[in-house]
Amino acid sequence: MRLVITDSYEQMGLEAANIVAGQIYLKPGSVLGLATGSTPVSMYERLVAVHRTVGLDFSEVTTFNLDEYIGMSPENPQSYHYFMQENFFRHINIKPENVFLPDGMAEDMIAEGQRYEKLIADKGGVDLQVLGIGQNAHIGFNEPDVKFAATTHKVELDEETIQANSRFFRDASEVPRYAISMGIKTIMMAEHVILLANGKNKAKAVYQAVCGDVTPEAPASILQLHRDVAVIVDKEAAELLPSSIHGVYISRKG
Ligand code: GLP
């Protein structure tokens, strides 16, 4: 695990975008795993800027998003399909046929999970997976008590997640109770992983991910067992990490 602590949210996005851009320069046909939420927005903004200014080329890139709410059509402004179009895809030259998200409207979620896993495998697997983290240390929508061996599957959201995500809705009662998410195994199979977090409210989850016990109670802790993870966090999200770790890991000022 490498740790990059930045001075600001914008710097966090820049560091993450540099890694994504580097991946695409090295392998133009890369398969990216992508995340939604407020955390990666500054990374997407930066990638769009790099596309516009120096022509970072997404024409051969394929993307797989982590998750989608169940019961939400792609046209729904609160769906993750919509989020990705608005924040990223419509600003770059990615081909629509190379963009994949789990189908939250599928009738059979078991079959949908299997279809999604096969698609990822058929594309050669994920080269670089981008992750945010929930306050309860969830990744994707893999909530505490997760089964580490799970692949893409239907999940029931925790009350804490429903409350946290209610800021995107009129109130908590509108937040879907279920989602379809890549599983921990799907995430762990990615070649490279970057985990992003910003803000004090993520400090505990970041601590659990980086220095806590590896336990299904803190799903992100499994990343300690992945061979290539970069954790990129702003200084507020890093505030519970012991300073001894700062010396061992890379720390960059913005
Ligand atoms: C959401 C998503 C995750 C995301 C996390 C944090 O529920 N399913 O993929 O990383 O929660 O969201 P945010 O970045 O808005 O804090």
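## A first walk through the sheet and its surroundings

Strand β6 and strand β9 (residues 192-197) run parallel to each other and are joined by four bridges. Within this pairing, L131 has L195 of β9 as its bridge partner. The structure you are looking at is a predicted model, and this pair of strands is a good place to start exploring it.

**The sheet as a whole**

β6 and β9 belong to an open sheet of seven strands, ordered β1-β10-β9-β6-β2-β3-β5, with parallel pairing. Which strands stand at the edges of the sheet? They are β1 (2-6) and β5 (99-100); each has a single partner strand, so one side of each is left without a neighbour in the sheet.

At the β1 edge, the partner is strand β10 (residues 229-234), and the two pair in the parallel sense over five bridges. One residue to look for here is I5, whose bridge partner in β10 is V233. Further along the order, β2 and β6 also run parallel, joined by two bridges. G33 takes part in this pairing, with Q129 of β6 as its bridge partner.

The bridges described so far can be set side by side:

| Strands | Sense | Bridges |
|---|---|---|
| β1 and β10 | parallel | five bridges |
| β2 and β6 | parallel | two bridges |
| β6 and β9 | parallel | four bridges |

**Side chains along β6 and β3**

In a regular strand the side chains alternate between the two faces of the sheet. Strand β6 (residues 128-131) can be read with that in mind: L128 and V130 point one way, Q129 and L131 point the other way, and all are buried.

Strand β3 (residues 62-65) holds T63. With a relative accessible area of 1%, T63 is buried, because buried means under 20%. Setting aside neighbours within four places in sequence, T63 is in contact with L32, L34, F89, I94, N98, V99 and F100.

**A buried serine before β2**

S30 sits in the loop between α1 (9-26) and β2 (31-34). Is S30 buried or exposed? Its relative accessibility is 0%, so S30 counts as buried. Two polar partners can be found for its side chain. The side chain of Q23 makes a polar contact of 2.9 Å with that of S30, and the backbone oxygen of K27 is 2.6 Å from a polar atom of the S30 side chain. Beyond neighbours within four places in sequence, the residues in contact with S30 are Q23, I24, E60, V61, T62 and D127.

Helix α1 also contains Q11, which counts as buried because its relative accessibility is 16%. Q11 and I232 are 221 residues apart along the chain, while their C-alpha atoms are separated by 9.5 Å.

**The loop between β6 and β7**

Three residues are worth a visit in this loop. A137 is found between β6 and β7 (153-156), and D145 lies in that loop too. Most residues other than glycine have a negative phi, and most peptide bonds are trans. A137, however, has a positive phi near 70°, and the phi of D145 is positive as well, near 80°. How do they stand in terms of burial, buried or exposed? A137 is buried, with a relative accessible area of 0%, whereas D145 is exposed, at 55%.

The third residue, G140, is also placed in the loop between β6 and β7. G140 is buried, with a relative accessible area of 12%. Apart from neighbours within four places in sequence, G140 is in contact with L66, D67 and S181. G140 and M182 are 42 residues apart in sequence, and their C-alpha atoms are 6.6 Å apart in space.

**Two helices that pack together**

Two packed helices are described by the angle between their axes and the distance between the axes. For helix α2 (residues 41-54) and helix α3 (residues 80-87), the angle is about 40° and the axes are 10 Å apart. α2 and α3 are therefore oblique to each other. Which residues meet where these helices pack? From α2 come V41, Y44 and V48, and from α3 come F83, M84 and N87. The residues of this contact divide into five nonpolar, one polar and no charged.

Terms used: Residues are numbered from 1 along each chain as its sequence is written. Side-chain values use heavy atoms; hydrogens and water are left out. Axes are lines fitted to C-alpha atoms, for helices over the stretch in contact, and angles run from 0 to 180 degrees between N-to-C directions. Angles under 35 degrees count as roughly parallel, over 145 as roughly antiparallel, 65 to 115 as roughly perpendicular and the rest as oblique. Contact means heavy atoms within 4.5 Å. Ala, Val, Leu, Ile, Met, Phe, Trp, Tyr, Cys and Pro count as nonpolar, Asp, Glu, Lys and Arg as charged, and the others, Gly among them, as polar. Two strands pair if DSSP finds at least two bridges between them. Buried means under 20% relative accessible area, exposed over 50%, partly exposed in between (1.4 Å probe, protein chains only). A polar contact is a pair of N or O atoms within 3.5 Å; within protein, one must be able to donate a hydrogen and the other to accept it, and residues adjacent in sequence count only if both atoms are side-chain atoms.
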